[in-house]
Amino acid sequence: MDASILYGRQIVLGEKDLEGLNNLRVKPALVVGKRGVICQRCGQTTSLKLARLPTGKYYCPNCLLLGRLTSADQLYNLPEPHLFERQKNSLTWQGQLSKYQEECSAQLQTVVKHGGKHLLWAVTGAGKTEMLFETINWALKTGKRVGLASPRVDVCNELFPRLQVAFAKTPMILLHGHAKETYRYTQLVVATTHQLLRFYQAFDLLIIDEVDAFPFVDDPGLHYAANNALIPGGTLVYLTATPSRKLLTAVKKKELSVSYLPLRFHGYLLPTINLVAVAKLRSQLNEGILNSKIKKILLRWQEEGYQFLVFVPRIALLKPVYQAIANLLKPELKGQTVYANDSQRIEKVAKMRAQEYRYLVTTTILERGVTFSGINIMVLAADDSNFSTAALVQIAGRAGRNKARPTGDVYFFCQDYTRTVKAACKQIKFLNRKGKKLKQDE
């Protein structure tokens with residue numbers, strides 16, 4: 001077995017795999033105590049009763065997604081050796097940062113050189129990825145290993161080709177449940193946060209994009225994995241446009257340093273939300289009926305020629321809403337539905353990006369991390385409990401991300417103006433006030 005597969009990793013091996021491997025670090029996959037079973041991969045504790053198997057052994061139910069661990073398993077690891085070919089300059093990106101992006105980039109570089117935890121809080125469309133490039137470049141040039149993770153497969157799929165262009169000479173790999181490439185040892189790793197469960201003290205710099213997104217935000221096992229994957233003294237960077245209360249509390253307590261950018265990369269403010277009240281909206285949507293106000297906007301978008309996303313709160317609404325839109329618009333305007341467990345999800349997003357589709361009817365799976373040029377946004381039943389404030393802000397932020405069309409339509413249709421909807425509107429207005437002030441102070 002190639003030893004490099006274990007550098008900075010923690011995985012289960014069979015007896016044949018162990019042949020020829022030296023200096024292995026070994027630990028039990030599960031630690032069984034009087035109060036419960038502690039998993040050494042995800043760090044979570046399960047009661048003895050819930051973890052017990054019919055054989056009398058124990059397992060961890062919390063990280064089954066990456067394969068079952070039992071009390072009979074061992075986790076094997078080899079220390080990260082940093083066997084990378086150093087380059088004078090790894091960055092092949094030819095773009096240019098704005099004044100404010102450069103300030104955030106410089107702050108980030110300072111943090112990484114000293115180690116610790118940092119929050120990069122920037123509005124959707126601020127160019128967070130580009131602000132990372134110089135920091136990643138410094139880390140690669142100095143022989144460090146870099147990981148960039150996100151909770152969402154779609155985000156990883158969008159980030160990877162951009163990093164391939166920005167660091168064309170650097171070996172890198174994309175890791176997620178649908179990835180086709182077999183794992184290999186690389187200096188730069190792009191992965192879903194679940195994949196971090198397979199790493200141990202691997203990264204000098206670990207960046208978590210969309211840190212407030214499901215499932216990372218509320219999963220203690222994934223937070224444990226992120227900290228576990230970091231080399232002692234390394235740097236953990238959180239990226240988001242909608243930080244959680246927990247993150248903001250950590251900033252106030254000075255447990256987390258922060259960089260803040262309230263302007264988008266092209267200098268424009270966030271598109272404002274147009275709220276539209278519709279009585280009996282939910283029952284109409286369930287029956288595949290579109291209100292006249294919704295129809296009027298869709299017909300206007302049809303004539304204007306821009307692509308659009310229609311968000312619905314539940315999978316059950318995808319088909320009736322899609323069918324109603326398809327019946328309303330011209331047959332040549334192709335569209336599709338997409339959701340988290342859609343087997344063709346990646347292909348459909350790619351076709352939308354290639355403009356083979358004019359529109360997608362989607363759940364919150366496309367709320368963040370995916371960029372389409374010149375897009376318009378519609379949210380149906382925005383007052384549904386499945387839409388959080390952060391999700392609504394992220395959804396609104398899909399519009400206006402292109403320099404050629406830095407604005408865009410954003411419509412939220414509701415039966416009631418709930419606290420969540422009001423909070424989303426309030427947050428965007430707050431960010432735009434900050435952005436206006438920044439521009440006025442130039």
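**Entry 1: Tyr411 and its partner**

I began with Tyr411. Is Tyr411 buried or exposed? Its relative accessibility is 15%, and the cut-off for buried is under 20%, so Tyr411 counts as buried. I keep in mind that this is a predicted model.

Next I looked at Trp301. Its relative accessible area is 0%, so Trp301 is buried too.

I then took up aromatic pairs. A pair of rings is described by the distance of the centres and the angle of the planes. I noted twelve aromatic pairs in the model. For Trp301 and Tyr411, the ring centres are 6.3 Å apart and the planes stand at 55°. Planes under 30 degrees apart would be stacked and over 60 edge-to-face, so this pair is tilted.

Where do the two partners sit? Trp301 belongs to helix α8 (residues 292–304), and Tyr411 to strand β18 (residues 410–414). They are 110 residues apart, so I wrote the pair down as a link between distant parts of the chain.

I followed the ring pairs outward. They join Trp301 and Tyr411 with Phe308, Tyr322, Tyr359 and Phe413 in a cluster.

**Entry 2: Phe199, Phe203 and two arginines**

I checked a second pair, Phe199 and Phe203. The centres of these rings lie 5.0 Å apart, with the planes at 45°, so this pair is tilted. Both Phe199 and Phe203 are buried.

Phe199 has a charged partner as well. Arg9 lies over the face of Phe199, 5.0 Å from the ring centre. I found another such placement at Tyr306. There Arg405 lies over the ring face, at 3.6 Å from the centre.

**Entry 3: Nonpolar cores**

In soluble globular proteins, nonpolar side chains tend to be buried together. I looked for such groups here. The largest nonpolar core holds 65 residues. Which members touch the most others? I listed Ile136, Phe167, Leu309, Leu366, Ile377, Val379 and Phe412.

I picked Phe167 and went through its contacts, leaving aside neighbours within four places in sequence. Phe167 touches Ser90, Leu91 and Thr92. It also touches Phe133, Ile136, Asn137, Leu140 and Met172.

Another core lies apart from this one. It has 48 residues, including Tyr7, Cys42, Leu119 and Phe203.

**Entry 4: Helix α12**

I turned to helix α12, which covers residues 419–440. At 1.5 Å a residue, its 22 residues should span 32 Å. The end C-alpha atoms are 31 Å apart, which agrees.

Which residues of α12 are buried? I found Val421, Ala424, Cys425, Ile428, Leu431, Asn432 and Gly435. Seen down the axis, the buried residues fall within an arc of 130°, so they line one face of the helix.

On the other side I noted exposed residues: Arg419, Lys422, Lys426, Lys429, Arg433, Lys437 and Gln440.

What covers the buried residues of α12? The cover includes β12 (257–261), β13 (274–277), α11 (389–396) and β18. Strand β18 is where I had found Tyr411.

**Entry 5: Helix α4**

Helix α4 runs over residues 153–166 and has 14 residues. From first C-alpha to last it reaches 20 Å, close to the 20 Å expected at 1.5 Å a residue.

I listed its buried residues. They are Val153, Asp154, Val155, Cys156, Glu158, Leu159, Phe160, Leu163 and Ala166. The cover over them includes α3 (128–141) and α10 (345–353). Strands β7 (146–150), β8 (172–175) and β9 (188–192) are also part of it.

**Entry 6: Backbone details**

I looked at the loop between β10 (203–208) and α5 (220–228), where Pro215 lies. A cis peptide bond joins Phe214 and Pro215, with omega about 5°.

Glu210 lies in that loop between β10 and α5 as well. Its phi is near 55°, a positive value in a residue other than glycine. Glu210 has 6% relative accessibility, so it counts as buried.

I found a positive phi at Asn23 too, about 60°, although Asn23 is not a glycine. Asn23 sits in the segment before β1 (25–28). Is Asn23 buried or exposed? With a relative accessible area of 69%, Asn23 is exposed.

Gly14 also lies in the segment before β1. Gly14 is partly exposed, at 32% relative accessible area. Last, I checked Gly14 against Thr186, 172 residues away along the chain. Their C-alpha atoms are separated by 23 Å.

Notes
Residues are numbered from 1 along each chain as its sequence is written. This is a predicted model: local features need pLDDT of at least 70, side-chain atom pairs count only at pLDDT 80 or more; totals for chains, interfaces and linings use all residues. Side-chain values use heavy atoms; hydrogens and water are left out. Rings of Phe, Tyr and Trp (its six-membered ring) pair if their centres lie within 6.5 Å; planes under 30 degrees apart count as stacked, over 60 as edge-to-face and the rest as tilted. Buried means under 20% relative accessible area, exposed over 50%, partly exposed in between (1.4 Å probe, protein chains only). Helices (H or I, at least four residues) and strands (E, at least two) are DSSP runs, numbered from the N terminus. A charge sits over a ring if NZ of Lys or CZ of Arg is within 6 Å of the ring centre and within 35 degrees of the ring normal. A nonpolar core is a set of buried Ala, Val, Leu, Ile, Met, Phe, Trp, Tyr and Cys residues joined through side-chain atoms within 4.5 Å. Contact means heavy atoms within 4.5 Å. The expected span of a helix is 1.5 Å times one less than its number of residues. The arc is that of the directions from the helix axis to the C-beta atoms.
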